[in-house]
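This report describes one protein model for a reader who has not met it before. Please look at the sequence and the structure first.

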Amino acid sequence: MGRYTGDRVDNGRRRLLATAAIGGAGLLTARDALAQAAGPLVPQTMLEQGQPILSPPYGVPSKFEDDVVRRPTDLTSTDLSSWSFTPLQDLHGTITPNGLFYERHHAGVPAIDPDTHKLMVHGLVDNPLVFTMNDLMRMPALSVVHFLECSGNSLTEFTKPASTVQTSHGLLSCVEWTGVRLSTLLDAVGVKPEGKWILAEGADGAAMTRSLPIEKALDDALIAFGQNGEALRPEQGYPVRLMLPGYEGNMSIKWLRRLKVADAPFMTREETSKYTDLMPDGRSRQFTYLMQAKSVITSPAAGGMIEGGPGPVQISGIAWSGAGRIRKVDVSVDGGRSWMNAPLDGEPLPKALVRFRLPWQWDGAPTIIASRATDETGYVQPTREDLISERGTNYVYHYNAIAPWKIGENGEVTNAYASEA
């Protein structure tokens, strides 16, 4: 059976059965081959005590999963203003474990004591207030599942495609966020009629700041303090962050310390010289918040292998849209000449990852596989050619084109665009 398992594959059973099938003197029988492939009848783990409870007090993955980690970029000169990638190829389902959530920092990760941290809300409001973490925790809270994607996710694909799915698409994670609606805080301070924009500022060394429209603040913006049932991790904004579902990740300011209401955007460094989109004619697009529909096959995927030769392979991947729910995902196994609908796992949530799966019989011939998402607005994920035709190659952010993976005769999976370069 052809089986994709990334870089770790045990194909001993196939080899032993093949040996047994040859027959002849001195060779194993099929029964002996199966016995050896299965290992000892009584494994050593059944002959000894295991580890006691609280080993360790905070649970960690198995030592055999030590290769499933975030990996750094090689595009920055410092690891203080840099990023790391979620290992999408090793994950199951749609929820990202907290320890594998991608990172993007502008001045390292601050260590903030929640007992002294405060969030100020001021500006064009009737009653400026300062909230402690205890104040926030006492407010009505909710838990919602949403993805967070860096606007620079897949930026390499514009000009120099990456060699693995982790480094091409890994600035993406999805968790259950817990917190208080930003609208609850705004109700408490009373926004003046002329208040149309809010400056969000973080307590990191970069004093990361972005302007957000009041409409988003009053819609589904969250002041989050929880992540997958526990407190935020330090690298994700502990003790509190802004979470703007469907918007580019840098808008969801971490280590949130200040919200200032004004009548116009603040034109900060991060929304003028940074996080703008340079068009072919030299003009720049600004405030391109929305992360449009996108999908990627994570198994089999670039950087991995299909071991065992031709046979059944399950194609699996994820799709998402900042505009709402994913309506459908189509998969091609012939380089885009034809497409098949891939079943989704359950009912898609708005602005969250959904997993798709499609059984496929690989005949061993080289081919190209790809996925294409359509969201509930009718928007269809574009090809790379169409995206570059519209935006050019000076564009850095918001790359959401179809990602084709090339499968070689030996089962090696590569980025089809990288192999062409």
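## A small sheet, ring pairs and charges over rings

In this predicted model, serine 84 has glutamate 103 of strand 4 standing opposite. The pairing behind this is between strand 3, residues 82-85, and strand 4; the two run in the antiparallel sense and share 3 bridges. They belong to an open sheet of 3 strands with the order 2-3-4 and antiparallel pairing. Which strands stand at the edges of this sheet? They are strand 2 (71-72) and strand 4 (103-105); each has a single partner strand, so one side of each is left without a neighbour in the sheet.

How confident is the prediction along the chain? The mean pLDDT of the protein chain is 92, and 92% of its residues reach 70 or more. Residues 1-26 have a pLDDT below 50, and this stretch makes 45 contacts in the model beyond near neighbours in sequence.

Aromatic rings come next. The structure contains 8 aromatic pairs. Two of them are listed here.

| Aromatic pair | Arrangement | Centre to centre | Angle between planes |
|---|---|---|---|
| Phenylalanine 101 and tyrosine 102 | stacked | 5.5 Å | 20° |
| Phenylalanine 158 and tyrosine 395 | tilted | 5.9 Å | 45° |

Are the residues of the stacked pair buried or exposed? Phenylalanine 101 is buried, at a relative accessible area of 0%. Tyrosine 102 has 4% relative accessibility and counts as buried because the limit for that class is under 20%.

In the tilted pair, phenylalanine 158 and tyrosine 395 are both buried. Phenylalanine 158 is in the loop between strand 7 (142-149) and helix 4 (165-169), while tyrosine 395 is in the loop between helix 7 (384-391) and strand 24 (405-407). The pair therefore ties together parts that lie 237 residues apart in sequence.

Ring pairs also build a cluster, which links Trp197, Tyr247, Phe287 and Tyr289. One of these rings has a charge over it as well: the charged end of lysine 216 sits over the ring of tyrosine 247, at 4.5 Å from its centre. Tyrosine 247 thus has a place in the ring cluster and a lysine over its ring. Another charged residue, arginine 384, lies over the face of tyrosine 417, 4.6 Å from the ring centre.

Definitions and conventions. Residues are numbered from 1 along each chain as its sequence is written. This is a predicted model: local features need pLDDT of at least 70, side-chain atom pairs count only at pLDDT 80 or more; totals for chains, interfaces and linings use all residues. Side-chain values use heavy atoms; hydrogens and water are left out. pLDDT is the predictor's confidence in each residue, from 0 to 100. Contact means heavy atoms within 4.5 Å. Rings of Phe, Tyr and Trp (its six-membered ring) pair if their centres lie within 6.5 Å; planes under 30 degrees apart count as stacked, over 60 as edge-to-face and the rest as tilted. Buried means under 20% relative accessible area, exposed over 50%, partly exposed in between (1.4 Å probe, protein chains only). Helices (H or I, at least four residues) and strands (E, at least two) are DSSP runs, numbered from the N terminus. A charge sits over a ring if NZ of Lys or CZ of Arg is within 6 Å of the ring centre and within 35 degrees of the ring normal. Two strands pair if DSSP finds at least two bridges between them.
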